[in-house]
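Dear colleague,

I am handing over the structure below, and I would be glad if you could look through it before reading on. My notes on what was found in it follow.

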Amino acid sequence: VQLQASGGGLVQAGGSLRLSCAASGRTFNSYIVGWFRQAPGKEREFVARISWNTGSTYYADSVKGRFTISRDNAKNTVYLQINSLKAEDTAVYYCAAGTTWSRIPENYSYWGQGTQVTVSS
C-alpha cells in the first residue's frame, strides 16, 4: 500500500490544521494507521493511531485533547485534526500503516513521505 500525506503548512500558534493520509494500491482495510512526527534533532515520536476496521483510537499524552484522528472509508483516507497548535508541534508529520496495535515505528511497514507542520509563535 502506498501512502500520501498532505495538509501541512505554516500556521500561527493557536491555529488548526487537518492532515490527510490517502492510501493507494489497496485499501486500509485491516490496517492500523498511525501518525508520527519528527522534529529536527529528535527521534520519531508517536502521535496517534486508529484501527481501520473498528475505529478505535489512541493518542500520545502530549496531544490528547488537541489532536483527533479519524477515517473516511469512502475516500480511503485517514485524517489528523490538529487544534490549538503550539510551537513544540513543529515537525514533519508522517502517516504509516501496519498490522500491530502499537506506538513503535518499527511495527509499521508502510510510510508516507511526510508533511511539514511549522507553528510560529
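To begin with the surface, the protein in this predicted model has an accessible surface of about 6,000 Å², and 45% of that surface belongs to carbon and sulfur atoms. Turning from the outside to the inside, 45% of the 121 residues count as buried.

As for the overall build, the protein has eleven strands and zero helices, so that, read from the N terminus, its elements run β-β-β-β-β-β-β-β-β-β-β. The radius of gyration is 13 Å, close to the 14 Å that the globule rule gives for 121 residues, and the protein is therefore as compact as a globular protein of that length. Along the principal axes, the C-alpha atoms fill a box of roughly 40 × 30 × 25 Å. Of the contacts in the protein with a separation of 6 or more, 55% are between residues that stand 24 or more positions apart.

Which residues sit at the centre of the contacts in the largest nonpolar core, in the sense that they touch the most other members? This core has 37 residues, and those that touch the most other members are Phe-28, Trp-35, Val-78, Leu-80 and Tyr-93. At least two residues of the core come from each of the strands β1 (2-6), β3 (17-24), β4 (32-38), β5 (45-51), β7 (67-72), β8 (77-82), β9 (91-98) and β11 (115-120), with the largest share, five residues, supplied by β9. To take Leu-80 as an example, and leaving aside residues up to four places away in sequence, Leu-80 touches a set of residues that includes Leu-17, Leu-19, Trp-35, Val-47, Phe-67, Ile-69 and Tyr-93.

The charged side chains deserve a separate look, since side chains of opposite charge can pair when their charged atoms come close. A search of the whole structure finds four salt bridges. One of them joins the side chains of Asp-89 and Arg-37, at 2.9 Å from N to O; because Asp-89 lies in the loop between β8 and β9 while Arg-37 lies in strand β4, this pair ties together parts that are 52 residues apart in sequence. Asp-89 is buried, with a relative accessible area of 0%, and Arg-37 is likewise buried, at 6%.

Asp-89 also meets Arg-66 in a salt bridge between their side chains, at 2.7 Å from N to O. Here Arg-66 lies in the loop between β6 (57-59) and β7, and Asp-89 in the loop between β8 and β9, so the pair ties together parts that are 23 residues apart in sequence. Both Asp-89 and Arg-66 are buried, and salt bridges that share partners join Arg-37, Glu-45, Arg-66 and Asp-89 into one network. Another salt bridge is formed by the side chains of Asp-61 and Lys-64, at 3.1 Å from N to O, and in this case Asp-61 is exposed, with a relative accessible area of 64%.

Finally, you may wish to look at Ser-51, which lies in strand β5 and is buried, with a relative accessible area of 10%. The side chain of Ser-51 makes a polar contact, at 3.0 Å, with the side chain of Thr-54. Not counting residues up to four places away in sequence, Ser-51 touches Tyr-31, Ile-32, Ser-56, Arg-71 and Trp-101.

With kind regards

Note on methods. Residues are numbered from 1 along each chain as its sequence is written. This is a predicted model: local features need pLDDT of at least 70, side-chain atom pairs count only at pLDDT 80 or more; totals for chains, interfaces and linings use all residues. Side-chain values use heavy atoms; hydrogens and water are left out. A nonpolar core is a set of buried Ala, Val, Leu, Ile, Met, Phe, Trp, Tyr and Cys residues joined through side-chain atoms within 4.5 Å. Buried means under 20% relative accessible area, exposed over 50%, partly exposed in between (1.4 Å probe, protein chains only). Helices (H or I, at least four residues) and strands (E, at least two) are DSSP runs, numbered from the N terminus. Contact means heavy atoms within 4.5 Å. A polar contact is a pair of N or O atoms within 3.5 Å; within protein, one must be able to donate a hydrogen and the other to accept it, and residues adjacent in sequence count only if both atoms are side-chain atoms. The radius of gyration is taken over C-alpha atoms; the globule rule is 2.2 Å times the number of residues to the power 0.38. Accessible areas come from the Shrake-Rupley method with a 1.4 Å probe; for residues, only the protein chains shown count as cover.
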